[in-house]
Amino acid sequence: MRIGELSERTGTPRRLLRYYEEQGLLVADRSPNGYRDYAEGCVNRVLQIRGLLDSGLSTRIIKQILPCINDPRGIHVSDATPETIAILEGERRRMTDRIACLTRSREAISEYLDAVRRGSAGVA
């Protein structure tokens with residue numbers, strides 16, 4: 001498939017798809033006219049990359065672990081280096097801290113909304 005179709009199917013701008021390719025995260029064949037030609041599996045690969053980026057991982061870390069991810073529903077690990085394990089443990093701690101912060105923020109917003117609703121219930 002061409003880059004426009006991959007962009008449409010994944011909701012990823014073409015510019016980002018080219019960036020993923022430059023970073024070694026995505027591979028495209030080239031047709032005789034020079035157009036990129038992506039395999040069907042690239043749809044899941046792009047969705048994996050987007051999910052990992054959304055979780056806060058850098059493209060450098062994603063490049064290290066992406067070869068271990070063969071299935072969009074699971075991670076299959078083979079021969080992870082101690083450095084990769086240490087990086088991922090650090091990222092997991094950072095994510096855990098972020099989740100805790102987001103949970104506290106969500107609870108504060110919920111309490112505020114409850115208070116606002118209680119306060120406006122008596123106003124007519």
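**Helix 1, helix 2 and the salt bridges around them**

Okay, let's start with one residue: glutamate 5 has a relative accessibility of 40%, which puts it in the partly exposed class. Quick caveat before I go on: what you have on screen is a predicted model. Arginine 9 comes out much like that on paper, partly exposed at 39% relative accessible area.

Now, what do glutamate 5 and arginine 9 form with each other? A salt bridge, with 3.5 Å between the closest N and O atoms. The two sit four residues apart in helix 1, which means about one helical turn lies between them.

Arginine 9 has another partner, though. Glutamate 40 makes a salt bridge to arginine 9, and there the closest N and O atoms are 2.5 Å apart. That pair links distant parts of the chain: arginine 9 is in helix 1, glutamate 40 is in the loop between strand 2 and helix 3, and 31 residues separate them. Through shared partners, Glu5, Arg9 and Glu40 end up joined into one network.

One more bridge to look at. Arginine 36 pairs with glutamate 21, closest N and O atoms 2.7 Å apart. Arginine 36 belongs to strand 2 and glutamate 21 to helix 2, so this bridge ties together parts that are 15 residues apart in sequence. In case you're counting, the total comes to four salt bridges.

Let me zoom out for a second. The chain has 124 residues, and 25% of them count as buried. It contains five helices and two strands, in the order α-α-β-β-α-α-α along the sequence. If you take contacts with a separation of 6 or more, 48% of those are between residues 24 or more positions apart.

Back to helix 1. Which of its residues are buried? Ile3, Gly4, Leu6, Ser7 and Thr10. Look down the helix axis and those buried residues fall within an arc of 165°, so they line one face of helix 1. The cover over them includes helix 2, strand 2 and helix 3. After the helix you reach glycine 11, which has a positive phi near 70°.

Two of those buried residues are worth clicking on. Serine 7, in helix 1, counts as buried at 14% relative accessibility, the cut-off being under 20%. If you skip its neighbours within four places in sequence, serine 7 is in contact with Thr12, Pro13, Arg14 and Leu17.

Then there's threonine 10, also found in helix 1. Threonine 10 has a relative accessible area of 10%, and is buried. What does threonine 10 touch, once residues up to four places away in sequence are left out? Val43, Val46, Leu47 and Arg50.

On to helix 2, residues 14-22, where the buried residues are Leu17, Tyr20 and Glu21. Viewed down the axis of helix 2, they stay within an arc of 100°, so here too the buried residues line one face of the helix. Arg15 and Glu22 are exposed on the other side of helix 2. Covering the buried residues you find, among others, helix 1 (3-10), strand 1 (29-30), strand 2 (36-37) and helix 3 (42-54). And remember that Glu21, one of those buried residues, is the glutamate that bridges to arginine 36. Helix 2 is followed by a glycine as well: glycine 24, with a positive phi near 80°.

Last bit: how do the two helices pack? Two packed helices are described by the angle between their axes and the distance between the axes. For helix 1 and helix 2, the angle is about 105° and the axes are 9 Å apart. Anything from 65 to 115 degrees counts as roughly perpendicular, and helix 1 and helix 2 therefore fall into that class. On the helix 1 side, the contact is made by Ile3, Gly4, Leu6 and Ser7, and on the helix 2 side by Arg14, Leu17 and Arg18. Sort the residues of that contact by type and you get three nonpolar, two polar and two charged. Serine 7 shows up there again, and Arg14 and Leu17 were both on its contact list a moment ago.

That's what I've got on this one. Questions welcome.

Notes
Residues are numbered from 1 along each chain as its sequence is written. This is a predicted model: local features need pLDDT of at least 70, side-chain atom pairs count only at pLDDT 80 or more; totals for chains, interfaces and linings use all residues. Side-chain values use heavy atoms; hydrogens and water are left out. Buried means under 20% relative accessible area, exposed over 50%, partly exposed in between (1.4 Å probe, protein chains only). The arc is that of the directions from the helix axis to the C-beta atoms. Contact means heavy atoms within 4.5 Å. Axes are lines fitted to C-alpha atoms, for helices over the stretch in contact, and angles run from 0 to 180 degrees between N-to-C directions. Angles under 35 degrees count as roughly parallel, over 145 as roughly antiparallel, 65 to 115 as roughly perpendicular and the rest as oblique. Ala, Val, Leu, Ile, Met, Phe, Trp, Tyr, Cys and Pro count as nonpolar, Asp, Glu, Lys and Arg as charged, and the others, Gly among them, as polar. A salt bridge is a side-chain nitrogen of Lys or Arg within 4 Å of a carboxyl oxygen of Asp or Glu.
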